Amino acid sequence: LASAGLSGAPAGAATRHRPAPPAPFSAQPPLAAPRAQQLPRGVHRVCPVPSRAGQMECMSLMLTDTTHYLGVVRHATPAGYGPSDLQSAYNLAAAAASRGVGETVAVVDAYNDPNAAADLAVYRAQFGLPPCKTSTGAGCVTTVNQQGQPSPLPAADKAWAAEIAVDLEMVSAICPNCHILLVEADTNGLGDLGAADNTAVSMGAKFVSDSWNGVEFPGESYYDNVYFNHPGTAIAVAAGDAGYAT
């Protein structure tokens, strides 16, 4: 509805109004203590619940009452869904051996997992997936910081490393032939994770996995447009892990 008299622009000139950014994340008030969610016995959160708006939480849950495997255990399959189960569930079993060549899937998480590539190699060996043969080939992981550089990488974090490991394994299970780009954000703040998403897309990823979320806050839509508005790129965000609260 702007006119020359209202906007101050010459008559007929096109104007674009971009909303001013909201208050910095550091200025956001602390969150009220979240209501504790009942989890089954032997299950706990991998990452702590965020204490401030703009902080993200990884969405993995960990079982503490199961048998753990270290290294490759011959003729023994750990309990749970393996690559063949996941490929079958999504009707990908017939295509898994041939599709995904030349494609890159980005995984965006916070902090650093120093054992990401080595742990993924063990997972692939355990479930009979072909090994990574070249530094940029199928099944391989390229790790960069949120600026897209190989160093310096963020500080290591045990909790987020567990999330990174799960994310890499699930991408590898669904698409064994895909190359994986791991973009590690400096912190679990939305500003850093969002910048890492932008980096992933700028480096050519057409598929981005974000296994984290956080509470809503004023001005959130501004950041949604800054970090997640990438037409032609599929950004998959964790949702539904905890059902819903009433």
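**Disulfides, a salt bridge and a strand pair in a predicted model**

Cysteine 175 and cysteine 178 are joined by a disulfide in which the sulfur atoms lie 2.1 Å apart. The structure examined here is a predicted model, and the link of cysteine 175 and cysteine 178 is right-handed, with 65 degrees about the S-S bond. Cysteine 175 has a relative accessible area of 15% and is therefore buried, the cut-off for that class being under 20%. Cysteine 178 likewise counts as buried, because its relative accessibility is 5%.

A search of the whole structure returns 3 disulfides, and a disulfide is a covalent bond between the sulfur atoms of two cysteines. When the bonded cysteines are counted along the chain, the connectivity follows the pattern 1-2, 3-4, 5-6. One of these disulfides is formed by cysteine 47 and cysteine 58, with 1.9 Å between the sulfur atoms. Cysteine 47 is placed in the loop between E1 and E2, whereas cysteine 58 belongs to strand E2, so that the pair ties together parts of the chain that are 11 residues apart in sequence. The torsion about the S-S bond of cysteine 47 and cysteine 58 is about 105 degrees, and the disulfide is therefore right-handed. Both cysteine 47 and cysteine 58 are buried.

A disulfide also connects cysteine 132 with cysteine 140, at an S to S distance of 1.8 Å. For this link the torsion about the S-S bond is about 95 degrees, so the disulfide of cysteine 132 and cysteine 140 is right-handed. The two partners fall into separate accessibility classes: cysteine 132, with a relative accessible area of 39%, is partly exposed, while cysteine 140, at 2% relative accessibility, counts as buried.

The search of the whole structure for salt bridges finds 1. Arginine 45 and glutamate 57 form this salt bridge, and their closest N and O atoms are 3.7 Å apart. The interaction links distant parts of the chain, since arginine 45 is located in strand E1 (residues 43-45) and glutamate 57 in strand E2 (residues 57-58), with the two residues 12 apart. Arginine 45 counts as partly exposed because its relative accessibility is 29%, whereas glutamate 57, at 13% relative accessibility, counts as buried. Strand E2 thus holds glutamate 57 of the salt bridge as well as cysteine 58, the partner of cysteine 47 in the disulfide described above.

Strand E5 (residues 141-145) pairs with strand E6 (residues 179-185) in the parallel sense, and the pairing extends over 5 bridges. Within this arrangement, valine 141 of the pair stands opposite isoleucine 180 in E6. Between the two strands the chain passes from E5 through helix H4 (residues 158-174) to E6, and the resulting β-α-β crossover is left-handed.

For the chain as a whole, the secondary structure comes to 6 helices and 9 strands. Of the 246 residues in the chain, 38% are buried. Among the contacts between residues at least 6 apart in sequence, 75% join residues that are at least 24 apart. The surface exposed by the chain is about 14,500 Å², of which 56% is supplied by carbon and sulfur atoms.

How values were computed:
Residues numbered from 1 in each chain as written. Predicted model: local features only at pLDDT ≥ 70, side-chain atom pairs only at ≥ 80, totals over all residues. Heavy atoms only, no water. Salt bridge = Lys/Arg side-chain N within 4 Å of Asp/Glu carboxyl O. Helix = DSSP H or I, 4+ residues; strand = E, 2+ residues; numbered from the N terminus. Buried < 20%, exposed > 50% of the residue type's maximum accessible area, 1.4 Å probe, protein only. Disulfide = S-S within 2.5 Å. Contact = heavy atoms within 4.5 Å. Areas by Shrake-Rupley, 256 points an atom, 1.4 Å probe, with all protein chains shown as cover. Pairing = 2+ DSSP bridges. Right-handed = clockwise from strand over helix to strand, strands pointing away.
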